[in-house]
Amino acid sequence: MPKKRQLLNNPFLATLTGVLLNGYGELVRRTSRIRIQADPEVDRLLHEANAPIIYAIWHCHVFFLPLVRLYARKPISVLLSSHRDAQIVGVAARMRGLELVEGSSTRGGTRAYRQLLALLRGGDSVCITPDGPKGPALKLKAGIVHLAQKSGCAVVPVAAACTRMRRIKTWDQTLLPLPFGRCVLELGPPIYISPESPLDDQLAQLAAALNDTVHRASGNLLSSA
């Protein structure tokens, strides 16, 4: 733990770690067979209607966010905690073409919410890990529902599966893909959040959609063997 704290407090070491993380991501991308499976309505929203989208992905799949950018071929801003350890991820994310909005439910959340809403109203898509930054894992927080209701934008659930991977010992058991495997990135059907429905119902609907997308990603990975 002291070594980790020393790393986080040293901007140079933190940046270097982010650069190495980006290099590892590029190694995985270049050596893996990657398949991106998107619902046809997502394709239509993105490439025909040119509509901004709220991508939602469980925090344990955060390593795959650059693949969403690769699929969209458009700018995407990612909500990232302003905590020091998240800054390492931020270095790698920027190097992989993602824009960052800093904030979380415990620090800078209101400012981040306003930034995300402004981006969506300006026509840009955003991505949120709705159980981040510290969990509980696979339990949605209300912010994504409020953002969808206020913006009127569709929420697209995203998940990934891969044949070669490790689970990192973090609160969410982050999935780390290994080189020379097969990966599937799944983008499920868009969901529109009704302003009239109770919040608990909306959270349950979104959670079910995310979990369904996880299962579809795993199924498509098996079927593509």
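Let's start with a pair. The side chains of Glu26 and Arg96 form a salt bridge, 3.2 Å from N to O. Where do Glu26 and Arg96 lie? Glu26 sits in helix H2, and Arg96 sits in the loop between helix H5 (84-95) and strand E4 (99-102). The two are 70 residues apart in sequence, so this pair ties distant parts together.

A word of caution: this is a predicted model.

Why can such pairs form at all? Side chains of opposite charge can pair when their charged atoms come close.

Now stay with Glu26. Glu26 also makes a salt bridge with Arg30, and here the closest N and O atoms are 2.8 Å apart. This pair stays inside one helix: both residues are in H2, which covers residues 11-31. They are 4 residues apart, about one turn of the helix. Is Arg30 buried or exposed? Arg30 is exposed, with 65% relative accessible area.

Next, another pair. Glu186 and Arg216 form a salt bridge, with 3.7 Å between the closest N and O atoms. Again, distant parts of the chain are linked. Glu186 is in strand E9 (residues 182-187), while Arg216 is in helix H8 (residues 199-223). They are 30 residues apart.

Look at the accessibility of each partner. Glu186 has a relative accessibility of 5%, under the 20% cut-off, so Glu186 counts as buried. Arg216 comes out at 34%, so Arg216 counts as partly exposed.

Back to Glu26 for the wider picture. Which residues share one network? Glu26, Arg29, Arg30 and Arg96 are joined by salt bridges that share partners.

And how many salt bridges does the structure hold? The count is 5.

Key. Residues are numbered from 1 along each chain as its sequence is written. This is a predicted model: local features need pLDDT of at least 70, side-chain atom pairs count only at pLDDT 80 or more; totals for chains, interfaces and linings use all residues. Side-chain values use heavy atoms; hydrogens and water are left out. A salt bridge is a side-chain nitrogen of Lys or Arg within 4 Å of a carboxyl oxygen of Asp or Glu. Buried means under 20% relative accessible area, exposed over 50%, partly exposed in between (1.4 Å probe, protein chains only).
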